[in-house]
Amino acid sequence: MSKIIDLRSDTVTLPSNEMRKAITSAKLGDDVFGEDPSVNELEEKAAKIMCKEAGLLVPSGTMGNLVSILTHCARGTEIILGDKAHTFVFEAGGISAFGGVHSRQLKNETDGTINIQEIKSAIRMDNDHFPKTAAITLENTHNLCNGSPLTPEYIKDVAQIAHDNDIKLHVDGARIFNAAVSLDVDVKNMVTGVDSITFCLSKGLSAPIGSVVCGSKEFIYQARRNRKALGGGMRQAGIIAAAGLFSLNNMLEQIREDHENALRLAAGINEIEGLVIDLENIKTNILYFDFEKGKARGEELARQTKNIEIYPCEIALNNIRFFESKPNRFRLVTHYGIIDDDIEKTLESLNKMVN
Ligand SMILES: Cc1ncc(COP(=O)(O)O)c(C=O)c1O
């Protein structure tokens, strides 16, 4: 059977044999009692990498963002975030459902930034009528905005605004290492002045489960309590942490390769008549392209072309899988497990699809 080339997301990666070995030989204990040596090692290492005081292992990026926002924002307060932020679009409204946090969405530009002036103007004045602004959150890299990396300078500017107004800055850094590699910057410089950061082990770093939240000791103390309340206290979580440690020690180089593959894929798509891509936007492992012909939704594309099946929002073109993000727009994500040959095969199939 030929290989499924799965370009839906970098979350589909499977652990390598070496990672599986690290998992089976992990030293374990009860992490809810603070006694799992692998978890403790991972949390300390993550905090050091991010130059923060402490870290906290959580099961997912979604929980990392939720725990962080619940820690920064009391019920009825407001958080400023982008209208394309993962937390706003894809996290089931958790900050509102579980935290009573009011969201103030500002427009995300195509590079994932939010206009600085708009952020300043969105901070509420102290008045009985308004919810109190408690935090700002940014996403780096920005998933829905072409996987764009935000620069350290931009992050510092937003941190300055937050602190001048006595509010907190959280970064959803699910792919912060992709941002750091893309800009060739040490990752700690991507979170200078940031009060909390969540980064994912289970995306480009290709661990099976887990994210880490980093921040001050005081923040992590309260975040740990919120994690427990959400049911995220895990017992022998060293099983997960061992994979995460393996990722941080061995998988960073993979991210560079993923970016090169995305660029090659994009360059190939750019050559295919009928597909439209902006090469300027390809900075990391996420790329979006448009289908020119007839402004089609996936279903229509299926009718017009052969060898293509459609599931809700998902395309299976021969043995290549990817997402339809909105009518006429498709997303491909490169990751561990995608090799040169897969790029060639994908381009061949896309070419056949439109021509
Ligand atoms: C930018 C961003 N933040 C957060 C998440 C949530 O991560 P998880 O799927 O681990 O909950 C994702 C998942 O794709 C993401 O892309």
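Modeller: Before we start, helices and strands here are DSSP runs, with at least four residues of H or I for a helix and at least two of E for a strand, numbered from the N terminus. The model is predicted.

Colleague: Fine. Where is the place of N146, then?

Modeller: N146 sits in the loop between strand 5 and helix 7.

Colleague: Why does N146 count as buried or exposed?

Modeller: Buried means under 20% relative accessible area. N146 has 7% relative accessibility, so N146 counts as buried.

Colleague: What does N146 touch, not counting residues up to four places away in sequence?

Modeller: With those left out, N146 touches T110, N281, I286, Y288 and R329. For T110 there's a polar detail too: the N146 side chain reaches the backbone oxygen of T110 at 3.2 Å. The cut-off for a polar contact is within 3.5 Å.

Colleague: And what is the phi of N146?

Modeller: Positive, at about 65°, although N146 is not a glycine. C51 isn't a glycine either, and its phi is positive at about 60°.

Colleague: Where is C51 found, and what makes it buried or exposed?

Modeller: C51 is in the loop between helix 2 (37-50) and strand 2 (54-58). Exposed means over 50%. C51 comes to 53% relative accessibility, so C51 counts as exposed.

Colleague: Back to the loop with N146. Which residues does the cis peptide bond join?

Modeller: N140 and T141 are joined by a cis peptide bond, with omega about -5°. T141 belongs to the loop between strand 5 (133-139) and helix 7 (152-164).

Colleague: Let's do rings. How many aromatic pairs are there by the rule?

Modeller: Ring centres have to lie within 6.5 Å for a pair, and by this rule there are four aromatic pairs.

Colleague: What makes the pair of F177 and F199 stacked or edge-to-face?

Modeller: The F177 and F199 ring centres are 5.4 Å apart and the planes stand at 85°, so the pair is edge-to-face; the cut-off for that label is over 60 degrees.

Colleague: Which parts does that pair tie together?

Modeller: F177 lies in helix 8 (residues 176-183) and F199 in strand 7 (residues 196-200), so the pair ties together parts 22 residues apart in sequence. Both F177 and F199 are buried.

Colleague: Why is the pair of F322 and F330 called stacked or edge-to-face?

Modeller: Here the centres of the F322 and F330 rings are 6.0 Å apart and the planes are at 80°, so this pair is edge-to-face. F322 and F330 are both buried. Ring pairs also link F289, F322 and F330 into a cluster.

Colleague: What lies over the face of F33?

Modeller: R235 does, at 5.5 Å from the ring centre. For Arg, CZ must be within 6 Å of the ring centre and within 35 degrees of the ring normal.

Colleague: Now strand 5 itself. What makes A135 count as buried or exposed?

Modeller: A135 is in strand 5. At 1% relative accessibility, set against the cut-off of under 20%, A135 counts as buried. Leaving out residues up to four places away in sequence, A135 touches H72, C73, E78, I79, I80, I167 and K168.

Colleague: And why does D342 count as buried or exposed?

Modeller: D342, in helix 13 (residues 340-354), has 3% relative accessibility, so D342 counts as buried. D342 touches K3, I5 and G337, again not counting residues up to four places away in sequence. As for N261, its C-alpha atom and that of D342 are separated by 9.5 Å, with those positions 81 residues apart along the chain.

Colleague: Zooming out, how many helices and strands are in the chain?

Modeller: The chain has 13 helices and 14 strands.

Colleague: How do you know how compact the chain is for a protein of that length?

Modeller: The radius of gyration is 21 Å, close to the 20 Å from the globule rule for 355 residues, so the chain is as compact as a globular protein of that length. The C-alpha trace spans about 60 × 55 × 35 Å along its principal axes.

Colleague: What share of the residues count as buried, and what do residues 24 or more positions apart account for?

Modeller: Of the 355 residues, 55% count as buried. Of the contacts with a separation of 6 or more, 73% come from residues 24 or more positions apart. The chain exposes about 16,000 Å², and carbon and sulfur atoms supply 50% of it.

Key. Residues numbered from 1 in each chain as written. Predicted model: local features only at pLDDT ≥ 70, side-chain atom pairs only at ≥ 80, totals over all residues. Heavy atoms only, no water. Phe/Tyr/Trp six-rings, centres within 6.5 Å; stacked < 30°, edge-to-face > 60°. Buried < 20%, exposed > 50% of the residue type's maximum accessible area, 1.4 Å probe, protein only. Rg over C-alpha atoms; globule rule 2.2 N^0.38 Å. Contact = heavy atoms within 4.5 Å. Areas by Shrake-Rupley, 256 points an atom, 1.4 Å probe, with all protein chains shown as cover. Polar contact = N/O pair within 3.5 Å; in protein donor to acceptor, adjacent residues only side chain to side chain.
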